[in-house]
Amino acid sequence: MIKKPALLLILSLFLQGNRAFAPDITKIELPDMGDSSGTLISPAQEQQLGEAFYRSLHSQIVISQDAEIQQYIEGIGRKLVANSDTPGNPFHFFVVMDNAINAFAGPGGYIGINSGLILTAEAESELASVMAHEIAHVTQRHLYRAFEAASRLSIPTAAATLAAILIGTQSPELAQAAIMAVQAGSIQFQIDFTRDNEQEADRVGMQTLAASNFDPRSMPIFFERLQQSSRYYGRGVPEFLRTHPVTSSRISDTRGRAEKYPYQQYPDSMGYLLTQAKLRVLSANDYTPVLNYFKPRLSQGTQQQRAVARYGTGLVHLNTRNFQEAEQIFKALTQEYPEQPQFATAYARCALEAQNFSNALARYQAAMQQFPGNQAIKLETLSALLKAGKPEQARQILQMLDTNTKRQPVYFKLLAQIYSDLKQPAESHRYLAEYYYAMGQTDAAITQIKLAQKSPGINYYLSAILNERLVFFIREEEQRKRN
């Protein structure tokens, strides 16, 4: 039976508590403190567990499918990882659409950042400081012992258990079910997440932050603001403040170490400001407060800040189908900031949502030519081609997507739609099955495979693939239900 202290340790592990900072900026070589033997779970097994963990999260929380937001958070993550102690480690970053202030890391380098934390950060370096600390916990193998325990369960069960514990504060029923599953398997999650682990992650995280040209002072600034604001929350303190204890001593230690770095200006990127604006609109249930937020900023601050307020206002108009107002805003922004891809895609989106497909495709084509490596633009262009009834052209663009994008659930969904429009139902059901599986809905994936098998025109090669995937899905679903 998992006792309450052990459960709290598990929660703190996956929600990544931060506790202590040591004021030392010298580059240090630290021991691998979390790895007890290096033999109980292989990197390949850890990656499998991470992928299953990510699928389980999709079935339990809302993960952003917005291509621009995903591209931004991956860009920040890659920049930090490139300057970490192990730049070759696989990492996957994603945004959870939840207003709670939180961030967490799971197996296989899967790191989630809540939209609430991104909106709370007042500088890009503050967001990067949280991500750098999470990365350090992974690179220093502080999660290793949890993976050792999880390796005694089947991968689907272990992944679902970790995911349920991760979001236990949001869904007590799921957390309790996870605990019961662990009890039934006679597994005791034993985690030694020591103060030394935390100090190591803090040191390494700050080194990564500074090496990536973010402000080391952002750590104490962000946590001090959270500490000051916590007094107003009462019993409803955000999960981040419960799992990331903010003390005066910790803030002091962090500030002391940060002050050892030379002072310089760290301006926010336009991508960060526009991502915040977009998340503010996407997170809203009522657009009136959002418009009220942007209205005074239309005439305040720098030219860049005013442009961001115009962009946010334009997104509200677009979402409320005020196409004329949105069109005017985004056309002007595109002309004033031709180097900014978010303005070009928003301008194209106006024509698409108004079902002016010829203008939309022309604008998307121009954006693709101007920003040839931008994956978000390719995805939006692909979707526009499908809406315009041009699936063959959409398939050509799909082949141009990079490997990271092809791992996302949206890739399989778009592929399924392309084959449906091309009147190839077997392939459509096949890829729709992969989409449902990526979203943690294995039962729905089984249904789609069976529909594919009943479709006309199946050749021997496709039949073999469908049979193999069906056996795999059924086995995993039976394992999940049995456990």
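The lining of the largest pocket breaks down by class into 15 nonpolar, 13 polar and 12 charged residues (Ala, Val, Leu, Ile, Met, Phe, Trp, Tyr, Cys and Pro count as nonpolar, Asp, Glu, Lys and Arg as charged, and the others, Gly among them, as polar). This is a predicted model, so to speak of local features takes a pLDDT of at least 70, side-chain atom pairs count only at pLDDT 80 or more, and totals for chains, interfaces and linings use all residues. Residues are numbered from 1 along each chain as its sequence is written, and side-chain values use heavy atoms, with hydrogens and water left out.

That largest pocket holds about 980 Å³ of space. Of its 40 lining residues, Gln65, Asp66, Ala67, Glu380 and Ser383 come closest to the centre. A pocket here is an open set of points on a 1 Å grid over the protein atoms alone, where a 1.4 Å probe fits and protein lies on both sides within 12 Å along at least five of seven lines; lining residues have an atom within 4 Å of a point. Grid points are joined across faces, edges and corners, and the volume is the space filled by probe spheres set on them. Helix α19 (375-387) hands over the largest share of this lining, seven residues. Other elements that each supply at least two residues include α3, α13 (270-282) and α22 (409-421).

The second largest pocket comes to about 720 Å³. It has 30 lining residues, with Glu51, Tyr54, Arg55, Tyr110 and Arg407 closest to its centre. Here α2 gives the most, six residues, and among the other elements with at least two each are α3, β1 (92-96) and α25 (460-482). The class split for this lining is 15 nonpolar, six polar and nine charged residues.

As for the chain as a whole, it has 25 helices and three strands (DSSP runs numbered from the N terminus: H or I over at least four residues for helices, E over at least two for strands). Of the 483 residues, 54% are buried, where buried means under 20% relative accessible area, exposed over 50% and partly exposed in between, with a 1.4 Å probe and protein chains only. Among contacts (heavy atoms within 4.5 Å) with a separation of 6 or more, 70% join residues 24 or more positions apart. The accessible surface is about 21500 Å², 50% of it on carbon and sulfur atoms; the areas come from the Shrake-Rupley method with a 1.4 Å probe, and for residues only the protein chains shown count as cover.

Two helix residues are worth a look. Gln70 sits in α3 (residues 67-82) and counts as buried because its relative accessible area is 10%. Beyond four places in sequence, Gln70 touches Ser64, Phe93, Phe94, Val95 and Gln408. Its side chain also makes a polar contact with that of Glu74 at 2.7 Å (N or O atoms within 3.5 Å; within protein, one able to donate a hydrogen and the other to accept it, with residues adjacent in sequence counted only if both atoms are side-chain atoms). Leu127, in α5 (residues 124-139), is buried at 0% relative accessibility. Contacts of Leu127 outside its sequence neighbourhood of four places include Tyr72, Ile113 and Tyr272. The C-alpha atoms of Leu127 and Ser218 lie 8.6 Å apart, with their positions 91 residues apart along the chain.

Then there is the backbone. Most residues other than glycine have a negative phi. Arg321, in the loop between α15 and α16 (323-336), has a positive phi of about 65° and is exposed at 54% relative accessibility. Gln355, in the loop between α17 and α18 (357-370), has phi near 60° and is exposed at 60%.
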